Amino acid sequence: MDKNELTNVVSNGIKINIIGKINSLPRKIKSSLKTAIKLTQKNKKIIVNLAINYGSKDEIITATKKLKKI
(Lines give C-alpha, C1' and ligand atoms only; values in the text may rest on other atoms or scores of the structure.)
Protein backbone atom coordinates (compact mmCIF):
# COMPACT_ATOMS: atom_id res chain seq x y z
CA MET A 1 0.00 0.00 0.00
CA ASP A 2 1.55 3.30 -1.01
CA LYS A 3 1.37 6.50 1.08
CA ASN A 4 -1.54 7.99 -0.92
CA GLU A 5 -3.63 4.84 -0.52
CA LEU A 6 -2.86 4.64 3.19
CA THR A 7 -3.73 8.31 3.67
CA ASN A 8 -7.04 7.67 1.92
CA VAL A 9 -7.75 4.63 4.10
CA VAL A 10 -6.99 6.54 7.31
CA SER A 11 -9.00 9.62 6.32
CA ASN A 12 -12.04 7.49 5.45
CA GLY A 13 -12.10 5.88 8.90
CA ILE A 14 -11.16 2.40 7.69
CA LYS A 15 -9.58 0.00 10.16
CA ILE A 16 -7.38 -2.81 8.88
CA ASN A 17 -7.05 -6.10 10.75
CA ILE A 18 -4.91 -9.04 9.71
CA ILE A 19 -5.45 -12.67 10.64
CA GLY A 20 -2.84 -15.23 9.74
CA LYS A 21 0.91 -15.26 9.87
CA ILE A 22 2.61 -12.27 8.30
CA ASN A 23 6.06 -13.11 9.65
CA SER A 24 6.90 -15.32 6.67
CA LEU A 25 6.08 -12.54 4.17
CA PRO A 26 8.78 -10.38 2.57
CA ARG A 27 10.08 -7.64 4.89
CA LYS A 28 8.69 -4.75 2.82
CA ILE A 29 5.17 -6.21 2.72
CA LYS A 30 5.25 -7.08 6.41
CA SER A 31 6.35 -3.54 7.24
CA SER A 32 3.57 -2.01 5.12
CA LEU A 33 0.94 -4.18 6.78
CA LYS A 34 2.17 -3.37 10.28
CA THR A 35 2.15 0.35 9.45
CA ALA A 36 -1.38 0.15 8.08
CA ILE A 37 -2.59 -1.70 11.17
CA LYS A 38 -0.97 0.83 13.51
CA LEU A 39 -2.26 3.91 11.67
CA THR A 40 -5.82 2.59 11.41
CA GLN A 41 -6.21 0.99 14.84
CA LYS A 42 -8.56 3.67 16.18
CA ASN A 43 -10.77 3.90 13.08
CA LYS A 44 -14.30 2.53 13.36
CA LYS A 45 -16.25 3.52 10.25
CA ILE A 46 -15.35 0.45 8.20
CA ILE A 47 -13.43 -2.59 9.42
CA VAL A 48 -11.53 -4.68 6.88
CA ASN A 49 -10.33 -8.11 7.99
CA LEU A 50 -7.68 -9.63 5.74
CA ALA A 51 -6.79 -13.32 5.96
CA ILE A 52 -3.17 -13.45 4.82
CA ASN A 53 -1.12 -16.64 4.88
CA TYR A 54 -3.97 -18.13 6.86
CA GLY A 55 -5.00 -21.72 7.27
CA SER A 56 -7.51 -23.06 9.76
CA LYS A 57 -5.46 -26.25 10.26
CA ASP A 58 -2.44 -24.20 11.29
CA GLU A 59 -4.61 -22.10 13.60
CA ILE A 60 -5.92 -25.22 15.35
CA ILE A 61 -2.37 -26.56 15.80
CA THR A 62 -1.15 -23.23 17.18
CA ALA A 63 -4.10 -23.01 19.60
CA THR A 64 -3.51 -26.58 20.76
CA LYS A 65 0.16 -25.85 21.44
CA LYS A 66 -0.79 -22.78 23.46
CA LEU A 67 -3.29 -24.80 25.51
CA LYS A 68 -0.64 -27.44 26.21
CA LYS A 69 1.52 -24.77 27.83
CA ILE A 70 -1.21 -23.78 30.31
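**Close-ups of a predicted model**

**View 1. Lys38, out in the open on α2.** Lys38 is exposed, with 62% of relative accessible area. Keep in mind for this and the later views that we're looking at a predicted model. Lys38 belongs to helix α2. Why does Lys38 count as exposed? Because exposed means over 50% relative accessible area, and Lys38 comes in at 62%. For a sense of place, take Asn17: the C-alpha atoms of Lys38 and Asn17 sit 9.6 Å apart, with the two positions 21 residues apart along the chain.

**View 2. Thr40, tucked away on α2.** Still in helix α2, we come to Thr40. Is Thr40 buried or exposed? With a relative accessibility of 0%, Thr40 is buried, whereas Lys38 of that helix is exposed. Leaving aside residues up to four places away in sequence, Thr40 touches Val9 and Val10, and also Ile14, Lys15 and Ile16.

**View 3. Asn43 and its backbone partners.** Asn43 lies in the loop that runs between α2 (27-40) and β2 (46-51). Its relative accessible area is 15%, so Asn43 falls under the 20% cut-off and counts as buried. Which backbone oxygens does the side chain of Asn43 reach? One belongs to Val10, at 3.4 Å. Another belongs to Ile14, whose backbone oxygen is 2.9 Å from a polar side-chain atom of Asn43. Past residues up to four places away in sequence, the contacts of Asn43 are Val9, Val10, Gly13, Ile14 and Lys15.

**View 4. Both ends of α1.** At the start of α1, look for Asp2: one of its side-chain oxygens comes to within 3.1 Å of the backbone nitrogen of Asn4. Just after α1 you'll find Gly13, with a positive phi of about 75 degrees. Gly13 is also one of the residues touched by Asn43.

**View 5. The largest nonpolar core.** Which residues make up the largest nonpolar core? There are eight: Leu6, Val9, Ile14, Ile16, Ile18, Ile22, Leu33 and Ala36. Two or more residues apiece come from α1 (3-11), β1 (14-19) and α2. The largest share goes to β1, with three residues. A group like this fits a broad trend: in soluble globular proteins, nonpolar side chains tend to be buried together. Zooming in on Leu6, its contacts beyond residues up to four places away in sequence are Met1, Thr35, Ala36 and Leu39.

**View 6. Asn17 on β1, facing residues 47 to 50.** Asn17 has its place in strand β1. With a relative accessible area of 24%, Asn17 is partly exposed. Where does the chain come back to meet it? Setting aside residues up to four places away in sequence, Asn17 touches Ile47, Val48, Asn49 and Leu50. From C-alpha to C-alpha, Asn17 and Leu50 are 6.2 Å apart, though 33 residues separate them in sequence.

**View 7. A nonpolar patch with Ile46.** Ile46, Val48 and Leu50 form a nonpolar surface patch of about 200 Å². Ile46 is part of strand β2. At a relative accessible area of 43%, Ile46 is partly exposed. Two other patch members, Val48 and Leu50, turned up in the previous view as contacts of Asn17.

**View 8. Gly20, in the loop after β1.** Gly20 sits in the loop between β1 and α2. Gly20 is partly exposed, and its relative accessible area is 42%. Which residues does Gly20 touch, not counting those up to four places away in sequence? They are Ile52, Asn53 and Tyr54. Leu67 is 47 residues along the chain from Gly20, and their C-alpha atoms are separated by 18 Å.

Key: Residues numbered from 1 in each chain as written. Predicted model: local features only at pLDDT ≥ 70, side-chain atom pairs only at ≥ 80, totals over all residues. Heavy atoms only, no water. Helix = DSSP H or I, 4+ residues; strand = E, 2+ residues; numbered from the N terminus. Buried < 20%, exposed > 50% of the residue type's maximum accessible area, 1.4 Å probe, protein only. Polar contact = N/O pair within 3.5 Å; in protein donor to acceptor, adjacent residues only side chain to side chain. Contact = heavy atoms within 4.5 Å. Patch = residues over 30% accessible without salt bridge, like charges linked within 9 Å, V, L, I, M, F, W, Y side chains within 5 Å. Areas by Shrake-Rupley, 256 points an atom, 1.4 Å probe, with all protein chains shown as cover. Salt bridge = Lys/Arg side-chain N within 4 Å of Asp/Glu carboxyl O. Core = buried A, V, L, I, M, F, W, Y, C linked by side-chain atoms within 4.5 Å.
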